[in-house]
Each structure stands twice: as structure tokens, then as C-alpha cells.
Amino acid sequence: MPVQRILIQLDCDPQASSFDAIVAIDAGAEVLLQHGGVTPDSAVPLVHGAMFTRGGSGLASTAIFIGGSDMQVAELVYDRVRATFFGPVRVSVMLDPAGANTTASAAVVAAARHLPLGDPELASGCQALVLGGTGPVGQRVARLLAGKGVAVGVASRSLERAKAVCERIAAAVPEARLEAIATVDVSLAGSAFGTAIEKADLIVSAGAAGTVMLDAAGRLLASRARVLIDLNAVPPAGVDGIVSADKSQQSGGAIVYGALGIGSIKIKIHRTAISRLFESNSLCLDAEALLAIGETLA
Ligand SMILES: NC(=O)c1ccc[n+]([C@@H]2O[C@H](COP(=O)([O-])OP(=O)(O)OC[C@H]3O[C@@H](n4cnc5c(N)ncnc54)[C@H](OP(=O)(O)O)[C@@H]3O)[C@@H](O)[C@H]2O)c1
């Protein structure tokens, strides 16, 4: 009897994401086992179920996907899942809470079409600003760019939250060059926020859905930016003048991408990653591995 490709969806939210489920099925998962409200402790017996049923080459036909809206909880589940494996008794696993890893990878793949992110020396001369840098997506965009050698400003309404994200990224990417930036109670002119906009070669807007992160005045200040990316699909636009469907569109002096323009790259990365999970039993796909997949598709 052929062994079916089973994906175990471990979601930290009470209800497992239907988006992740549909992408999984479209990517070739034949059976989906969905679990909501998953914690690091409750994940362990579910992982044992994956480890101890199909031996040898059959293990590659079972895989685990970890999602949910809370990046930190999902990361803890991811760590516990990998710590539960031993020796060759393991299955492939992918971490993509709130679509953060695949979306951030797609944004970096898009930016790399126009900026020298593949060359560490040239990338180190690039300056990026991530608006909404404390959300799951923004955090991952900042981490991936920092890993490329880019100097990254992490913007938030709260300097403390931005600093906490910078510390988490620095723990994962010790060579990261990061600056925490507050966006409220500051005027654009002369503030750290205004300066960060002015000097950015790349601005990625990863604010909450339907939130204006860079208005017309902010956009005017972004005269150096060669690439502007707005990940928000819900009106009004996160960045003044960008529409969702923009994909490598010239707008003023910059190339712009909107949420749907990035979304099509994201879906490709997500589907390819799910199908790769079933090619071996030892893949661990976090942001950097998903970006590497995206770079092969670019
Ligand atoms: N295009 C795609 O394929 C795709 C896929 C997934 C997600 N997305 C989009 O990507 C964006 C980021 O997703 P996410 O889950 O990381 O977002 P999120 O957690 O909902 O929000 C990100 C950050 O936005 C800031 N924020 C929230 N409300 C705000 C307000 N009223 N004014 C200013 N800032 C505000 C918050 O930072 P502070 O509180 O620290 O300021 C928050 O951490 C969303 O727009 C989402 O819809 C797009």
C-alpha cells in the first residue's frame, strides 16, 4: 500500500489556520492532521506519534508544520519538537507562524532583485528600515536582512519593544547591525525616525493590517529609497502611493511592491517548502532556510 504524505499542523492559536491548511493540501499533503492550542508540552506526544509509526524511509512521508499568531510561543514549540527527536528517528519540520517566515523571505527575495543583498560587502553598505518591526513578519524581515549584512532600523511605536526585538535578533545573528527606532511622539524632521527614513535604501512596511505606516510626508522624506515594500493588503495602504498589486513597479525614484506582489512570491515559497518536507525526514525550515528556498525560485 502506498504511504500517504501526512502533514501534522501544530497551531498555537485555539483554531488551526485554514490558510496554512489549504496551502499544505495544494502543495501535496494528502492527509492533514490539525491541532489548535498547541503548547510546547502538548506538542510532545503529537511528535512521538509522528516518530514511532512509520520507520526508515517511511518517516519522510510524515512532516510537521508549526503556525499560529504568536511568534514566541511558536518558536518554543519548534524548539521542543526538535528536542523531542533523537538520532534518525525524526521527521521534517517547518516553522511559519502568521506566515512570517515565508512572507519575510518573499520580501527579501523581492528586495534582492534590486539591491546587492547577495554580496556581503555591498550589502553591508545598504541601510534598511522595517516599519512595524515588532510584529511576527517585521521581526523576521529585520532578522533576514541583518543576516545579509544590511544595517537595519527596527521601528515601533514603543522604543522598548523595538529594543527587545533588536536583542532577540542579535541573539540569533550576533553580527547584526540594528537600531531600535520609536515612531510616536516624534516629529519627522530631525528625529531618529525621520533620519532613518531619509537614509534608508530599502523600507519594508510590516505594520498591522489597515494601518498607515508611512504617509505622504514620510514618503517624500524617503528620497534615497531604491525599494519600498508594503505588506499590508487591507486599505488604507501602509505606504502612501503603493497599491496591493504593485510588483516591481517604478514609482517616483523607487521600485515598489504591494502585498499581492509579495504574496505571490510568498505562496511559491510556502508551497515549495511544504513539498520539500516530504523529500527527507531531517529538514528543519526556519526563516533562513525558507529564504534559501526563495532564492532558488527567484
Ligand atoms: N503580503 C503577504 O503575503 C502577507 C502575509 C502575511 C502577513 N501580511 C501582512 O503583513 C503585515 C504584518 O503582519 P504581522 O502579523 O506581523 O502584523 P501585526 O503583528 O498585526 O502588526 C505588526 C506591528 O504593527 C504595529 N502596529 C499595530 N497597530 C498599529 C497602529 N495602529 N499604528 C502603528 N503601528 C501599529 C505593531 O507594532 P508596535 O505596537 O510595536 O508599534 C505591531 O507589532 C500585516 O499587514 C499583514 O496583514 C502580508
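**Glycine 132 and the ligand shell**

Colleague: Where in the chain is the place of glycine 132?

Modeller: Glycine 132 sits in the loop between strand S5 (127-131) and H6. Helices (H or I, at least four residues) and strands (E, at least two) are DSSP runs, numbered from the N terminus. Please note that this is a predicted model, in which local features need pLDDT of at least 70, side-chain atom pairs count only at pLDDT 80 or more, and totals for chains, interfaces and linings use all residues. Residues are numbered from 1 along each chain as its sequence is written.

Colleague: Is glycine 132 buried or exposed?

Modeller: A residue is buried if 20 or more other C-beta atoms, placed from the backbone, lie within 10 Å of its own, exposed if 12 or fewer, and partly exposed in between. Glycine 132 counts as buried because it has 25 C-beta neighbours inside 10 Å.

Colleague: Which residues surround the ligand most closely?

Modeller: A residue is near a molecule if its C-beta atom, placed from the backbone, lies within 6 Å of it. The ligand is surrounded by 25 residues, and the closest are Gly132, Gly135, Ser156, Arg157 and Ala208.

Colleague: Which helix gives the most to the shell around the ligand?

Modeller: Helix H6 (136-147) and helix H10 (259-277) each supply at least two residues of that shell. H10 gives the most, with four residues.

Colleague: How many residues of each class does the shell have?

Modeller: Ala, Val, Leu, Ile, Met, Phe, Trp, Tyr, Cys and Pro count as nonpolar, Asp, Glu, Lys and Arg as charged, and the others, Gly among them, as polar. The shell has 10 nonpolar, 12 polar and three charged residues.
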